[in-house]
Amino acid sequence: MTPTRRFVTLGLAATALAACQGGAPGNAPGTINARVDTAIDTMYARLPFTRTLANQAEGMLIMPGVVKAGFVVGAAYGEGALRLRNSGYRRTAQFYSFSSGSVGWQAGAQKTSHAIFFLTPDALATFRRRQGWEAGADAEVTLIDTGVKAEANTTNVQNPVVAVVFGQQGLLAGASLEGAKYTPITP
C-alpha cells in the first residue's frame with residue numbers, strides 16, 4: 001500500500017470511528033430535538049451575545065455535536081434543526097444534516113456545535129428553498145470568532161447569514177464552515 005493510500009485509509013477509518021461515537025446518521029426526531037434544545041441553552045449561557053443575534057434573526061439552524069475526523073483526508077457529519085423566531089426557537093420547522101470534506105494536513109478528531117442565524121427573510125427563504133445549501137457558495141456567511149471581541153463583532157455584521165461555532169472538543173484546531181453542505185432530512 002502506498003503512503004498516500006495508507007493516509008486516505010487511516011483518514012476514512014478515523015472518520016468512521018468518530019461517526020460511530022455520536023455523529024452517525026439516522027437519529028430519531030426526539031433525540032435531535034433534545035440535542036438542539038441543549039445546544040441552544042448552552043450557547044445562550046456561554047455566549048450571551050447570541051441572544052441578541054437570535055432576536056434579530058428570522059430563524060436559526062442549530063447543529064449540535066458535529067463530528068469531524070481525519071488524517072490528511074477528513075470528513076464531518078451532524079444532524080440538527082431549523083428553528084424559527086416566531087416559535088421562540090423551541091419548535092422544529094425542518095431537520096437538516098451537515099456534511100463536509102477536506103483534504104490537507106490534519107490529524108485527529110473534534111466535536112463541535114454551531115448555529116447559523118438568518119438575519120433577513122430573503123436569506124431564510126433562500127436556505128429553505130434549497131435541497132442542498134452550501135455555506136460560501138449559496139450565501140456569504142460571517143463566522144463570528146467567539147473570543148474576546150465577539151460582542152463587538154455582532155454590531156458590524158454585514159452579511160445576512162451569521163454563524164457561531166461553540167462547544168469545541170477534541171484535537172483538531174480551527175473552525176470553518178466553507179463548503180459545508182446542509183441538506184433537509186426526515187429522521
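These legends go with several close-up views of one predicted model.

Residues are numbered from 1 along each chain as its sequence is written, and side-chain values use heavy atoms, with hydrogens and water left out. Because this is a predicted model, local features need pLDDT of at least 70 and side-chain atom pairs count only at pLDDT 80 or more, while totals for chains, interfaces and linings use all residues.

**View 1. Ser 97 and its surroundings in strand β2.** Let us start with Ser 97, which belongs to strand β2 (residues 92-118); strands (E, at least two residues) and helices (H or I, at least four) are DSSP runs, numbered from the N terminus. Ser 97 has a relative accessibility of 9%, so this residue counts as buried. Here buried means under 20% relative accessible area, exposed means over 50%, and partly exposed lies in between (1.4 Å probe, protein chains only). Beyond its neighbours within four places in sequence, Ser 97 is in contact with residues including Met 63, Tyr 77, Lys 181 and Ile 185, where contact means heavy atoms within 4.5 Å.

**View 2. The two faces of helix α4.** Look along residues 121-129, and you will find Ala 123, Leu 124 and Phe 127 buried. These residues lie on the same side of α4, because they cover an arc of only 95° around the axis; the arc is that of the directions from the helix axis to the C-beta atoms. An α-helix has 3.6 residues a turn, so residues three or four places apart point the same way. The face turned away from the buried side of α4 carries Pro 121, Asp 122 and Arg 129, which are exposed.

**View 3. Asp 37 paired with Arg 83.** The structure holds 4 salt bridges, each a side-chain nitrogen of Lys or Arg within 4 Å of a carboxyl oxygen of Asp or Glu. In the one between Asp 37 and Arg 83, the closest N and O atoms are 2.9 Å apart. Asp 37 sits in helix α2 (residues 29-46) and Arg 83 in strand β1 (residues 59-84), so their pairing ties together parts 46 residues apart in sequence. Arg 83 is buried at 1% relative accessibility, whereas Asp 37 is partly exposed at 25%.

**View 4. Asp 41 paired with Arg 90.** The closest N and O atoms of this salt bridge are 2.6 Å apart. Asp 41 lies in helix α2 and Arg 90 in the loop between β1 and β2, so the pair links parts 49 residues apart in sequence. Both are partly exposed: Asp 41 has a relative accessible area of 40%, and Arg 90 has 43%.
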